[in-house]
Amino acid sequence: MSELPKRRFPLPLDKLGSQPARPARELLRPQRPLHQAAQDAARLSAPSGLGLDSAGVRLRMVQRLQREGLKDERVLQALASVPRHEFVDSALAIQAYEDTSLPIGHGQTISKPSVVGRMIELLMAGATARSAGQLGRVLEIGTGCGYQAAVLAALSRQVVSIERLRPLHDKAQGHLQGLGLLRQIRLIYGDGRLGHAGAGPYDAIIAAAGGEDLPEPWLAQLAPGGRLVAPMQAPGGRGQVLVVVDHVVEAGASRLVRTVHEPVLFVPLKSGVM
Ligand code: SAH
């Protein structure tokens, strides 16, 4: 048996000089510093969260949304607090603070910040949210990458979010865990058309996918004083509209009041899981 040459570790410095530099993985990912800066910003920033660089990028996005008509300060602040680029592939991070939807895989997209803002603003104007100053217990249908769940978490006591595509459910889990939000957000893999009665009733229900009508379990799981916001096929079947349902209680009697808002375009609400 021949003896192997003895090698000393660490190698003496003069042995290292001629070695080709190892390709630095970090250099191939120009968005990485932004990524880190936002993590630092989330950890270090004062409650306004606006002092550091990436927080500044978020603030500019929020100022644009404000100019375009988003009014609720609390919603604007919540949008300013969530590092959206953490929820998309690193190659798309550079576009994360534009008001655009971006692919998140499996044929789905992260919702546009303006749409997230608009829907949550509508939720904040519901009866319970108006009196409590926050959303209370929230049900989200269509977790996707988890972005909207993170924004909701900034304005509520608890968020239960359901996703029917396993890989996206797992992806959201990773994103939200990375931001330390999984104590406040409960992720469920399942068919969101059934809602999640076990953790209900909910003060706020929000859907990121639209069907022909509002599934009955959503209405049944809406707490008195609660408000639901969801896309739905427009009456008459042409396109989609945003629908608001309030669970109104007056003189001891309870009823659901539906109002129809602007046209929207969401992915279809599908049945079953994959
Ligand atoms: N809120 C998400 C948007 C995701 S897009 C975000 O911030 O990124 C809408 C999501 O709804 C998709 O991930 C889609 O898979 C999901 N979806 C569609 N039908 C569903 C259903 N019946 N139950 C749960 N999720 C559903």
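Let's start at Gly192, where a polar backbone atom lies 2.7 Å from a nitrogen atom of the ligand. Keep in mind, everyone, that this is a predicted model. The protein wraps the ligand thoroughly: of the 580 Å² of accessible area that the ligand has on its own, 99% is covered.

Gly192 has company in this. Over at Gly142, a backbone N or O atom sits 3.1 Å from a nitrogen atom of the ligand. And at Gln148, a backbone N or O atom is 3.0 Å from an oxygen atom of the ligand.

Now let's step back to the whole shell. How many residues surround the ligand? There are 26, and the closest are Gln148, Glu163, Asp191, Gly192 and Lys270. If you sort the shell by class, you get 11 nonpolar, 9 polar and 6 charged residues.

So much for the shell; what about the space itself? The ligand takes up the space of the largest pocket. Which elements give two or more residues to the shell around the ligand? They are strand S2, at 108-110, helix H7, at 147-153, strand S4, at 158-163, and strand S11, at 267-268. S2 makes the largest contribution to that shell, with 3 residues.

Let me stay with the pocket for a moment. Its volume is about 610 Å³, and 34 residues line this largest pocket. Nearest its centre you'll find Gln108, Thr109, Ala208, Ala209 and Val267. At least two lining residues each come from S2, strand S3 (137-141), H7, S4 and S11. Here too, S2 gives the largest share of the lining, 3 residues. By class, the lining of the largest pocket holds 17 nonpolar, 11 polar and 6 charged residues.

Before I finish, two spots in the backbone are for you to look up on the model. As background, most residues other than glycine have a negative phi, and most peptide bonds are trans.

The first spot is His106, in the loop between strand S1 (102-105) and S2. His106 is not a glycine, yet its phi is positive, near 60 degrees. That loop leads us back to S2, the strand that gives 3 residues to the shell around the ligand.

For the second, go to the loop between strand S5 (185-189) and strand S6 (202-207), where you'll find Pro201. Is the peptide bond from Gly200 to Pro201 cis or trans? This one is cis, with omega near -5 degrees.

Thanks for listening, and do have a look around the ligand yourselves!

Technical notes: Residues are numbered from 1 along each chain as its sequence is written. This is a predicted model: local features need pLDDT of at least 70, side-chain atom pairs count only at pLDDT 80 or more; totals for chains, interfaces and linings use all residues. Side-chain values use heavy atoms; hydrogens and water are left out. A residue is near a molecule or strand if one of its heavy atoms lies within 4 Å of it. A polar contact is a pair of N or O atoms within 3.5 Å; within protein, one must be able to donate a hydrogen and the other to accept it, and residues adjacent in sequence count only if both atoms are side-chain atoms. Accessible areas come from the Shrake-Rupley method with a 1.4 Å probe; for residues, only the protein chains shown count as cover. On a 1 Å grid over the protein atoms alone, a cavity is a set of points where a 1.4 Å probe fits but cannot get out, and a pocket is an open set with protein on both sides within 12 Å along at least five of seven lines; lining residues have an atom within 4 Å of a point. A molecule sits in a cavity or pocket if more than half of its atoms lie within 2 Å of its grid points. Helices (H or I, at least four residues) and strands (E, at least two) are DSSP runs, numbered from the N terminus. Ala, Val, Leu, Ile, Met, Phe, Trp, Tyr, Cys and Pro count as nonpolar, Asp, Glu, Lys and Arg as charged, and the others, Gly among them, as polar. Grid points are joined across faces, edges and corners, and a volume is the space filled by probe spheres set on the points.
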